[in-house]
Amino acid sequence: QGIILLPLRATCIAFIILLAWLFASIATFRHPGKGSVPLKGWRRRMIQTTLTYLTRTLFFVMGFQVKVKGKIASLLEAPIFVAAPHSSFFDAIISALTGMPSIVSRAENLSTPVFGTILSSLQPVSVSRQDPDSRKNTVIEITKRALSRGQWPQILIFPEGTCTNRSCLITFKQGAFVPQVPVQPVLLRYPNKLVKLCVMTLCQLFTRVEVEFLPVHVPTEEEKNDPFLFANRVRQTMATALNVPVTDHTFEDCRLMISAGQLTLPMEAGLVEFTKISKKLNLKWNNVREQLDTFAAIASASKGGRIGIEEFAEYLKLPISDVLRELFLLFDRNGDGTIDFREYVIGLSILCNPANTEETIRMAFKLFDMDEDGTITENEFACIIQSALGVPELDVSMLFKEIDADETGKLSYDEFKDFALKHPEYAKLFTTYLELQRYHLVRKTTIPVTETPTARNKVCPEGNEEDNLSTSDKKDD
C-alpha cells in the first residue's frame, strides 16, 4: 500500500511546491527591502490566500487529518504564536491554519532553490550563525515586528529552539517573551504514530494531528519585567494542557548531548544544565564545546567517560603529587575520585576566575623569566614547575614543547599567555608558586638568615636549602 501511495503523493507534492514557488515569486517580484520592508496590499493578500490554500492541500495529499481546537487569535489580540512541543518539520501545519505568519529561520535557508523563495515570501526573521550579534539582533527584530501594530504579520515561534520527542517541554528561549506583548500558546499532538522520516510518513495511509489554540496569555507587569518568568509560566500552562512534565534542560544541553555522542562519550557525561549554572559561571556555548573536545581527549584514556587522577596527570604531562591532587580535588566536586564533564566545566570556571587574569599571567611570566630577558627558557620553566610541585627531578620537556608554538626553544609572553588562557588547569600551578614565594618572604622577615639571599624570583629546587621544603611543608602551604 505504501509503495503505491509514495510515488503518487510525491508527484502531487512536487506540483504543489512548484505552484507555491510561482505565487511566491510573483508576490516578491521587485519588492524593495529584501525582508526589511513588510509586504503590503495585493502582495500580502496573495501570500496569505494562495500559500494557505496550497499548504493545506499539501498536508491533505500527504495524508494528514487535522483537528483544530480553540479560537485563533487575531493580530491585534496576539502578535506572537508560541508552539510546542516541536518534534518535526510537519509542525509547519500551524502556518497553514494561522494565515502564513512569519517564522524565525536560518539565513542560509533563504538561498535554497525553490524553498528559499517560498520562505522569503513569508518574510521570516533570519538568524545568521556567522553573526556574533545574531541572537541580540533577532530579539530586536521580533520586538520591532510585534510592536508594529499590524504592519507586519503575526510571528510563529517554537520557543524550545530544537526538536524533541514530545515527552516533556524543555526550557523556552526568551525571544518570544522579550517584546512584552500577549502571546497565544499553540499545542501539537499526534494521536497516532508520527514517523519523523518523511518517506515513511508518506507511506502511511493517514496521520492524525491535533492543533489546539489556548487562550491568549497577556503578561502581567511582573512578567513584562522578567521574560524568563513570562516564558516559564506560558510553558507550565502548555505542559499542564498537554499533561507532560517540564524539564530545565535547554537547546544547548541537546547540542552538548549530540556532541558528546559524536565524541563517543556517554550522553550523560556531556550534559551541562545551562539554565542552572550558565548565569553563575558566565558560560558561553563555543567555549563549552571546546572544553567538551578537551574532556573527550582526556577521557579517551579512561572508561565510562569519567576522568581519574591518572588520566588527569597524563593530560597535564605532570607526575601525581600533592599539588596535583589538590588541583584534582577542585574538579572532583562529589569526592568520588573521578571527574565528569559537568565537574570539569565548573572546575575550569573556578580556575579561570580569577586565577587566569591578565595580571596573574603577567606576574607568573615574570617569575618564570629569571634573567629578565623577556623570554622563558626550558631550564627556567622547569625550575618553577619543579619547585611548585615539589618534584626536583621532574622532566618538563614535553610540556615545554607544547607551549613553545614557534619551536624557538624560548617562550615569549604571547605564547605563555595563549597557553595559560587555553589551558586554565595549569593556573593552579602558577598561583601555588606565587603562594610559595609569599611563604618564603614571610620566613625571611621572621627567621634570621645567615646565607647569602637569593636574587628576586630565583627560587629553585636545587642550590637553596630554604627552597627544598619537605613534601609535608608544601602540603601545609
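**Exercise 1. Where helix α12 ends**

Task: In this predicted model, find which residue follows α12 and state the sign of its phi.

Solution: Moving along the chain past the end of α12, one comes to lysine 317. The phi of lysine 317 is positive, with a value near 60°. For background, most residues other than glycine have a negative phi.

**Exercise 2. The surroundings of α12**

Task: Determine how many of the eight residues of α12 are buried, and name them.

Solution: Begin with the cut-off, by which a residue is buried when its relative accessible area is under 20%. The residues of α12 that meet this condition are Ile309, Glu311, Phe312, Ala313, Tyr315 and Leu316. Six of the eight residues are therefore buried, and α12 is largely enclosed by the rest of the structure. For the protein as a whole, buried residues make up 49% of the 477 residues.

**Exercise 3. The packing of α12 and α13**

Task: Describe how the axes of α12 and α13 are placed, and state which residues of the two helices meet.

Solution: Two packed helices are described by the angle between their axes and the distance between the axes. Helix α12 covers residues 309–316 and helix α13 covers residues 322–331, and their axes come within 11 Å of each other while crossing at roughly 110°. Since angles of 65 to 115 degrees count as roughly perpendicular, α12 is roughly perpendicular to α13. The crossing in which α12 passes α13 is right-handed.

Next, look at the side of each helix that takes part. From α12 come Ile309, Phe312, Ala313 and Leu316, which meet Leu324, Arg325, Leu327, Phe328 and Phe331 of α13. Divided by type, the residues of this contact are eight nonpolar, no polar and one charged. An α-helix has 3.6 residues a turn, so residues three or four places apart point the same way.

**Exercise 4. Backbone features in the loops**

Task: Locate the cis peptide bond, and then decide whether valine 114 and asparagine 243 are buried, partly exposed or exposed.

Solution: The cis peptide bond joins alanine 84 and proline 85, with an omega of about -10°. Proline 85 lies in the loop between β2 (80–84) and α3 (93–97). In general, most peptide bonds are trans.

Turning to phi, valine 114 is not a glycine, and yet its phi is positive at about 65°. This residue belongs to the loop between β3 (102–106) and α4 (115–121), and because its relative accessibility is 28%, valine 114 counts as partly exposed. Asparagine 243, in the loop between α8 (227–242) and α9 (251–262), also has a positive phi, near 60°. With a relative accessibility of 72%, asparagine 243 counts as exposed.

**Exercise 5. Asparagine 192 and its contacts**

Task: Decide whether asparagine 192 is buried or exposed, and list what it touches beyond four places away in sequence.

Solution: Asparagine 192 sits in the loop between β6 (183–189) and α6 (198–203). Its relative accessibility is 19%, so asparagine 192 counts as buried. Leaving aside residues up to four places away in sequence, asparagine 192 touches Phe206, Thr207 and Arg208. From asparagine 192 to valine 209 the C-alpha to C-alpha distance is 8.0 Å, and the two residues are 17 apart in sequence.

**Exercise 6. Cysteines and disulfides**

Task: State how many disulfides are counted, and compare the accessibility of cysteine 12 with that of cysteine 168.

Solution: A disulfide needs a pair of cysteine sulfur atoms within 2.5 Å, and by this rule the count is zero. Cysteine 12 has a relative accessible area of 30% and is partly exposed, whereas cysteine 168, at 17%, is buried.

Definitions and conventions. Residues numbered from 1 in each chain as written. Predicted model: local features only at pLDDT ≥ 70, side-chain atom pairs only at ≥ 80, totals over all residues. Heavy atoms only, no water. Buried < 20%, exposed > 50% of the residue type's maximum accessible area, 1.4 Å probe, protein only. Axes fitted to C-alpha atoms, helices over the stretch in contact; angles between N-to-C directions. Helix = DSSP H or I, 4+ residues; strand = E, 2+ residues; numbered from the N terminus. Parallel < 35°, antiparallel > 145°, perpendicular 65-115°, else oblique. Left-handed = near helix turned anticlockwise from the far one by under 90°. Contact = heavy atoms within 4.5 Å. Nonpolar A, V, L, I, M, F, W, Y, C, P; charged D, E, K, R; others polar.
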